[in-house]
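Biologist: Please take a close look at one loop position for me, then follow its surroundings outward. A single connected account would suit me well.

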Amino acid sequence: MANGETAGAVQLREHIVEIVSDSGEGAQKAGQTFGTVCAKMGNGVWTVEIIPAEIQPPARSPAGASGIRIRLATNVVTNMGDEADLVVAFNEQVLYSRIANGAYREGTKLLLEKKWQEDPQPEIREQYAKAIEEFKTNGLEVHELAIEKACLIHTNNPRRGKNMFVLGMLCRIYNRDLNMARAEIANTFKRKGEKIITANQKLFDAGCAFAEEHIPELCYVVPPRSEADLGGRKFLVSNGNQAVGLGVMAAGMELVSMYPITPATSASHYLADVFHNTGGFVHQAEDEIAAIGFAIGASFAGKTACTITSGPGIALKTEMIGLAVMAEIPLVIVDVQRGGPSTGLPTKVEQGDLLAALYGATGDAPKIVLAAATIEECLHYVILARRLAEAFRIPVILLTDANLATGVQPYPRPDVSTQWFAPPLDQSDWDPEIPPYHWDVNTGLSPRPIPGMRDGNYILTGLAHTKYSKVAYDADSNQRGCEMRSRKLTSFAATLKPPQVHGDPEGDLLIVGWGSTLGAIEEAVDRVRAQGQKVSSLHLRFLSPMEPGLKAIFERFRKVMTIEINYSDDPKVTSGETRRLAQLAWLLRAHTCMEIDCWSVVYGHPLQPGLIHKVIDGRLANLTENA
Amino acid sequence: MFGLKADWSLEVFERYFTLGDYAGGEARWCPGCGDHGVLTAIQKLLRDEQVAPESTVAVSGIGCSSRLPHYLGTYGFHSLHGRALPVACGVKSRRPELDVWVATGDGDCFSIGAGHWIYAIRYNMDMVVMIFDNAIYGLTKAQTSPTSPKGMKTNTHPFGAFVEPHNPLTVTLGITNVSFVAQVVDWNPPLVYEALKAAHRHKGTSFVRIIQRCPVYAEPYIKELQSDPNRFLLLTHDQGLPVNTSVTRQFPNQLVHNPRDLPAAWNVAHDNSAIPLGLLYHNPDAPCYEDSSSIGMDMTPETRLQALNRVLDTLTI
Ligand code: SF4
């Protein structure tokens with residue numbers, strides 16, 4: 001089959017594709033490979049995994065929907081988008097939960113496995129027939145296809161092989177570069193050997209031919225950006241957790257100390273695979289506390305380390321984070337947020353750890369808190385975090401989340417440099433006249449003696465201490481220590497610039513967000529603005545300390561509200577002083593003494609631009625009513 | 001003695017360290033506390049072994065004995081309750097050349113830090129771990145500890161502790177990769193010194209349980225132990241701790257025990273009729289975790305950068 005056969009193909013700016021199945025049918029692998037091929041061709045891509053609600057869901061259950069969504073476009077894609085345009089499903093039952101989630105619209109093309117039509121069990125045949133009717137009534141464009149049957153010609157285990165067959169179908173439908181796809185398959189299965197690679201490539205080719213024969217009318221082109229648009233830049237394709245791993249290496253860190261926890265662990269998996277190349281080591285500790293303790297030990301010894309975790313891990317590490325604050329130990333803590341509290345929603349996204357990151361420790365424990373808004377920022381902010389940690393002798397918490405962790409996107413490859421690395425271990429003599437906490441009273445900053453430095457000997461302690469690191473319980477020492485640690489945040493804040501408003505600098509409504517919601521919020525704001533509404537948005541990257549100038553920005557809007565993925569009371573149910581707000585809204589109120597509204601939900605999935613659009617319309621209507 | 005300077009050139013210097021070089025702040029333990037003598041033994045040993053104070057790190061948790069780093073003239077890390085071991089392991093992970101000493105107690109190590117105890121033994125990183133076991137919580141004033149004997153009256157068990165005490169020796173000797181287990185009493189300084197010396201020379205985690213006097217909160221328990229030398233069993237062997245007459249005279253009950261024999265060590269540890277003193281177990285060949293955790297430390301920034309670019313290549317489109 002020739003590559004790039006596009007005669008008669010429908011030209012599109014973007015399309016959203018889903019593959020849904022029972023878990024274990026390889027939908028995610030097929031989708032990731034499809035996304036990579038699209039990205040390599042120069043398209044904007046965002047892929048996100050659809051994770052079943054249960055760990056071992058029974059086959060053909062609505063709660064078992066497992067799979068992947070791929071949003072591909074000509075331009076850069078920053079989020080998962082709204083309803084899918086085309087979905088491939090291995091059974092009809094898994095579609096119900098997707099439909100309930102609003103994943104499809106009228107006209108969404110459904111390519112459905114039809115073997116259930118002839119299932120020996122009459123109930124299954126009935127379920128299938130009933131579903132087809134329902135789907136059609138709902139306006140889905142149903143294409144019943146004998147996918148497994150076609151796979152059987154090439155494999156005796158179609159349950160495992162059909163994912164590559166579907167990849168072939170999609171590559172044909174979207175006119176992808178087929179040789180590139182074959183090479184990608186070879187790459188995916190490189191550890192499994194030649195035989196497996198060839199078998200999967202065969203299935204892939206069969207899938208291409210199958211689509212051409214059975215659904216020739218589904219033929220699209222989403223043109224990639226031109227070479228000129230791409231500016232000759234090289235791009236990386238990774239998820240946010242891999243980006244964190246790359247950041248660790250690009251920061252020149254040598255140690256990641258972790259304990260397995262979803263959805264953070266894949267960052268460590270990635271590092272475990274490649275870290276030794278750059279001379280680094282992943283320590284899997286016996287528990288979350290030991291993981292951070294080990295990292296703190298290495299940092300104290302002059303090798304600033306990183307620990308990667310998620311909500312429950314942050315809860316367990318809290319006492320150690322307090323120690324790092326108190327004793328001024330540089331440390332990078334990555335919190336890949338999931339739903340909470342407690343074990344919560346391990347695989348699902350939430351922005352619920354913001355207040356815990358800022359205020360989780362007892363006493364006054366000022367630390368730097370950053371939030372990555374994009375996958376690219378996951379990489380760069382780890383580098384930034386290491387530098388800040390060392391410059392300010394402070395733990396830095398980097399917040400990412402399950403959405404960034406599992407989303408895959410192309411982004412510019414950084415031009416890495418040895419300048420980004422931690423400086424070589426300083427083992428020069430220490431001036432014995434200089435105490436271990438030689439605080440500059442204006443900035444709170446002090447140089448740090450490192451074991452091995454002659455005459456630098458000091459005893460680090462988590463107890464209140466003087467500048468000599470001597471345990472001190474007196475009033476002045478404790479007050480002074482707290483002041484010096486707090487002053488570091490003040491002096492860091494002074495180096496920050498006010499954030500950029502997306503849209504006009506004044507108007508009716510300002511949406512404030514943080515973290516992974518950036519793409520969805522801006523896309524929604526752009527849509528509302530295209531309708532002529534005076535809405536802008538602002539996205540915060542620094543949460544502690546906050547970027548300056550927020551009050552001045554807020555004052556130029558009639559209303560300011562945050563949009564977040566964490567819990568807040570519905571104002572229709574609980575209003576006024578008793579209403580519990582979203583986490584950033586609390587912070588901004590305290591920070592600016594202004595009336596900050598919020599809208600937030602804890603559905604466990606990433607926010608979509610369509611939903612945000614509705615929320616904004618609603619709030620604008622309120623504004624007009626109250627005007 | 002030599003050291004590396006920041007520009008990687010070699011600095012050659014001759015230094016001789018005296019006891020004063022290892023002196024830190026004035027020890028604030030109660031008079032008569034067993035910790036004083038152990039501190040002296042450590043300082044003497046560091047002097048005798050001529051370990052540079054700046055390359056020594058004393059790590060501790062929280063408790064009376066965890067104040068020890070403050071009284072040493074080395075680097076120190078007075079960490080959190082129960083967490084000395086993970087911190088110490090972290091120090092060692094990428095700085096294997098540092099001489100690491102851990103001071104922890106029965107509450108710190110066997111109770112709140114019990115998980116780390118098991119794993120530190122398994123990692124077997126080269127450090128001396130001293131457990132100051134006074135069978136009581138001293139700093140927080142007389143609560144039952146994991147090694148408080150059953151029936152011991154404490155503030156949390158005023159009518160007597162309910163359960164049999166933990167046997168730290170059987171537990172430690174049961175952990176995979178255990179490499180050095182010794183037990184001493186603080187009131188026999190020559191034995192303390194020899195145990196620490198052997199522990200320091202051993203490459204691996206040396207677990208030294210020091211049965212320690214707390215005359216303030218555990219006086220009856222200690223008095224009873226001290227008054228009856230027959231409660232103890234001194235382990236002797238030419239591969240064990242060297243014992244002089246001041247030791248043999250104090251502990252007439254003796255057993256020739258080969259410290260390379262793990263099943264024999266289990267038997268000694270399990271035997272509740274006597275408290276063993278000396279070297280229970282020693283395996284000089286157990287693998288040390290820092291041999292894995294310190295990989296790639298010698299890479300130059302340039303080679304690191306090249307490697308990083310190769311990693312980036314694999315994700316580049
Ligand atoms: S309370 Fe006991 S253990 Fe603590 S310092 Fe005093 S005598 Fe020593």
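Modeller: Happily! Helices (H or I, at least four residues) and strands (E, at least two) are DSSP runs, numbered from the N terminus. With that in hand, A:Leu425 sits in the loop that runs between β16 (408-412) and β17 of chain A. The model is predicted, so to speak of a local feature takes pLDDT of at least 70 and side-chain atom pairs count only at pLDDT 80 or more, while totals for chains, interfaces and linings use all residues; side-chain values rest on heavy atoms, with hydrogens and water left out. Residues are numbered from 1 along each chain as its sequence is written, and chains are lettered from A and ligands numbered from 1 in the order in which they are written.

Leaving aside residues up to four places away in sequence, A:Leu425 touches A:Ala301, A:Gly302, A:Lys303, A:Ile450 and B:Arg95 (contact means heavy atoms within 4.5 Å). One of these partners, A:Lys303, is 122 residues away along the chain, yet its C-alpha atom is separated from that of A:Leu425 by 7.5 Å. Another partner, B:Arg95, belongs to chain B, and that leads us to the interface.

There, 69 residues of chain A are in contact with 56 residues of chain B. The buried area between the two chains is about 5200 Å², and carbon and sulfur atoms give 66% of this (the accessible area, for a 1.4 Å probe, that two parts lose on being put together, summed over both). Three salt bridges cross the interface of chain A and chain B (a side-chain nitrogen of Lys or Arg within 4 Å of a carboxyl oxygen of Asp or Glu). A:Glu254 and B:Arg94 join their side chains in a salt bridge, at 2.8 Å from N to O.

On the side of chain A that touches chain B, the elements giving two or more residues are α1 (27-40), β9 (235-239), α9 (240-250), α10 (265-274), β11 (281-284), α11 (288-300), α12 (311-327) and β17 (459-461) of chain A. The most comes from α11(A), with eight residues. Sorted by class, this side of chain A has 38 nonpolar, 20 polar and eleven charged residues (Ala, Val, Leu, Ile, Met, Phe, Trp, Tyr, Cys and Pro count as nonpolar, Asp, Glu, Lys and Arg as charged, and the others, Gly among them, as polar).

The strand that follows our loop, β17(A), also reaches chain B: β17(A) pairs with strand β4 (residues 75-78) of chain B in the parallel sense, over three bridges (strands pair if DSSP finds at least two bridges between them). In this pairing, A:Thr461 is opposite B:His78 of β4(B).

Several of the interface elements border loops with backbone features. In the loop between β10 (255-258) and α10 of chain A lies A:Pro263, joined to A:Thr262 by a cis peptide bond with omega about 0 degrees. Between α12 and β13 of chain A, the loop holds A:Glu328, a residue other than glycine whose phi is positive, near 60 degrees. Past β13 (331-337) and before α13 (354-359) of chain A comes the loop with A:Pro341, and the peptide bond between A:Gly340 and A:Pro341 is cis, with omega about 0 degrees. For context, most residues other than glycine have a negative phi, and most peptide bonds are trans.

Further out, the structure holds 43 salt bridges over all chains. One of them links the side chains of A:Lys109 and A:Glu141 at 3.5 Å, N to O. Because A:Lys109 lies in strand β6 (residues 104-113) and A:Glu141 in strand β7 (residues 141-145) of chain A, the pair ties together parts that are 32 residues apart in sequence.
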